[in-house]
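Here is a friendly note to read with the structure open beside you. Take the points in order and find each residue as you go.

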Amino acid sequence: MYIFATILTTFCFAFFAIKFFKPVAIEVGLVDKPSARKLHDGNIPLIGGISIFLAVLAASLLWLPNTLELRMYLIASAMMVFIGALDDKFDLRVRVRIVGQIIIASLMIYGVGGYIENLGNLFQLGNINLGPFGIIFTYLSIIVVINAYNMIDGIDGLIGSLSINTFVSIALLFLMSGQTDYLSYPLILATATLPYLMFNLGVFKQNSKKIFMGDAGSMFIGLSVIWLLTMGTQGEQASFRPVTALWICAIPLMDMLAIVVRRYKNGKSPFKPDRDHLHHLLQRAGLSAKQTLIVISIASTFMSSIGLAGEYFKVNESLLLVGFLIMFICYVASIRNLSKLTK
């Protein structure tokens with residue numbers, strides 16, 4: 001009953017937040033306008049992320065224990081959504097966004113004194129403990145994951161589907177480990193994202209109701225993912241192994257790393273927007289937006305399932321790491337070939 005009440009509260013808050021903020025966003029100009037890179041009809045309100053955050057905030061204050069970790073997470077998330085909303089409205093420079101992400105990462109690292117220190121037994125020589133270098137590694141991880149989910153947001157339903165898959169997978173990992181105290185966190189996030197996904201995909205059959213996530217939402221999603229993964233993999237009561245985290249957010253990570261390397265090789269800024277993401281290439285190959293969404297969602301679910309199965313059956317961590325690297329190499333090769341075919 002507690003879980004049901006939490007989920008119901010979260011869904012209702014997210015749904016009505018969208019209904020309330022949609023006309024407000026149109027009034028203040030918080031909308032996504034069509035351009036050469038953004039092929040959609042009309043100005044679309046960018047309030048998906050704001051509605052998700054407000055639902056998470058309300059449900060957390062109502063149902064979750066008032067801990068230091070939760071307070072720091074909510075403060076950091078509020079800052080992330082604020083910076084993202086400014087970026088949606090004024091198109092901030094990359095440097096400003098990165099500085100904001102570093103400040104927020106500092107709040108999470110030093111506010112609760114937690115960071116990624118243990119990488120697990122990746123080489124069968126014992127656990128890899130990073131010590132003080134773990135702080136630097138955590139900064140990099142936070143920035144990478146935030147921007148991975150930000151950059152994958154390109155077609156209707158994609159960021160919503162991928163984030164729900166990630167949050168549900170993390171919830172299953174907590175459930176498998178018996179850490180039911182943490183179960184509400186990813187469930188709240190997954191449920192808060194569901195109304196956005198419904199509006200974004202036009203489930204209500206009215207195009208005027210469509211909304212977008214916006215940078216406020218995609219960066220908030222990324223921050224929430226790395227926070228949950230850090231909470232789940234670190235400490236004496238860790239719920240799952242660090243290598244499993246790679247599989248849980250595999251598609252956003254692979255897409256970001258592949259495209260950053262490609263942009264760097266071409267002498268472009270890693271953060272310069274283009275139309276060479278996986279979803280763009282699949283569409284240029286002939287798939288519709290809906291077919292592209294289905295293909296990528298299935299791939300993401302498949303990757304997460306490998307991670308879940310590997311954790312459940314305690315598959316050798318080295319084997320899981322090698323498997324992930326092989327998958328990444330295959331992904332890069334496939335993207336390269338697809339890019340050549342669609343030029």
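**Notes on salt bridges, helices and the core**

1. Let's begin with one residue, Arg-241, which is buried, with a relative accessible area of 14%. Salt bridges that share partners join Arg-241 with Glu-311 and Lys-314 in one network. Please keep in mind throughout that this is a predicted model.

2. How far apart are N and O in the salt bridge between Glu-311 and Arg-241? The side chains of these two residues meet at 3.3 Å, N to O. Glu-311 lies in helix 12 (residues 289–312), while Arg-241 sits in the loop between helix 8 and helix 9 (242–248), so this salt bridge ties together parts that are 70 residues apart in sequence.

3. Stay with Glu-311 for a moment. Is Glu-311 buried or exposed? Glu-311 counts as buried because its relative accessibility is 3%, and the cut-off for buried is under 20%. Its side chain also has a polar contact of 2.6 Å with the side chain of Thr-244. Leaving aside residues up to four places away in sequence, Glu-311 touches Leu-173, Met-176, Ser-239, Phe-240, Arg-241 and Thr-244. Arg-241 and Thr-244 therefore appear both as salt-bridge or polar partners and as contacts of Glu-311.4. Now look at helix 12 as a whole. This helix has 24 residues and reaches 34 Å from its first C-alpha to its last, close to the 34 Å expected at 1.5 Å a residue. Buried residues in helix 12 include Thr-292, Leu-293, Ile-296, Ser-297, Ser-300 and Met-303, and Ser-304, Gly-307, Leu-308, Gly-310 and Glu-311 are buried too. What covers the buried residues of helix 12? The cover includes helix 6, helix 9, helix 10, helix 11 (278–284) and helix 13 (317–341). Helix 12 is followed by Lys-314, whose phi is positive, near 50°.

5. How many salt bridges does a search of the whole structure find? The search finds 4. One of them pairs Arg-97 with Asp-87, and the closest N and O atoms there are 3.6 Å apart. This pair links distant parts of the chain, with Arg-97 in helix 4 (residues 94–112) and Asp-87 in helix 3 (residues 68–90), 10 residues apart. Both Arg-97 and Asp-87 are buried.

6. Another salt bridge joins Lys-210 to Asp-156, with the closest N and O atoms 2.5 Å apart. Lys-210 is in the loop between helix 7 (184–200) and helix 8 (214–233), and Asp-156 is in the loop between helix 5 (133–151) and helix 6 (158–177), so the pair ties together parts that are 54 residues apart in sequence. Lys-210 counts as buried at 18% relative accessibility, whereas Asp-156 is partly exposed, with a relative accessible area of 27%.

7. Helix 3, the home of Asp-87, has 23 residues. From first C-alpha to last, helix 3 reaches 33 Å, close to the 33 Å expected at 1.5 Å a residue. After helix 3 comes Asp-91, with a positive phi near 55°.

8. Which residues have the most contacts inside the largest nonpolar core? They are Val-56, Tyr-73, Phe-220, Leu-223 and Leu-228, in a core of 93 residues. Helix 8 gives the most to this core, with 11 residues. Try picking out Phe-220 and its surroundings: not counting residues up to four places away in sequence, Phe-220 touches Ile-52, Phe-53, Val-56, Tyr-73, Ser-77, Met-80, Val-81, Leu-189 and Asp-215.

9. Ile-259 is worth a look as well. Its place is in helix 10 (residues 250–265), and Ile-259 is buried, with a relative accessible area of 1%. Apart from residues up to four places away in sequence, Ile-259 touches Met-151, Asp-274, Asp-276 and His-277. The C-alpha atoms of Ile-259 and Met-198 are separated by 29 Å, and these two residues are 61 residues apart along the chain.

10. Last, the cysteines. A disulfide is a covalent bond between the sulfur atoms of two cysteines. The count here comes to 0 disulfides. Why does Cys-249 have no such bond? The closest cysteine sulfur, in Cys-330, is 19 Å from the sulfur of Cys-249, which is too far for a bond. Cys-249 counts as buried at 3% relative accessibility, while Cys-12 is partly exposed, with a relative accessible area of 33%.

Definitions and conventions:
Residues numbered from 1 in each chain as written. Predicted model: local features only at pLDDT ≥ 70, side-chain atom pairs only at ≥ 80, totals over all residues. Heavy atoms only, no water. Helix = DSSP H or I, 4+ residues; strand = E, 2+ residues; numbered from the N terminus. Buried < 20%, exposed > 50% of the residue type's maximum accessible area, 1.4 Å probe, protein only. Expected span 1.5 Å × (residues − 1). Contact = heavy atoms within 4.5 Å. Polar contact = N/O pair within 3.5 Å; in protein donor to acceptor, adjacent residues only side chain to side chain. Core = buried A, V, L, I, M, F, W, Y, C linked by side-chain atoms within 4.5 Å. Disulfide = S-S within 2.5 Å.
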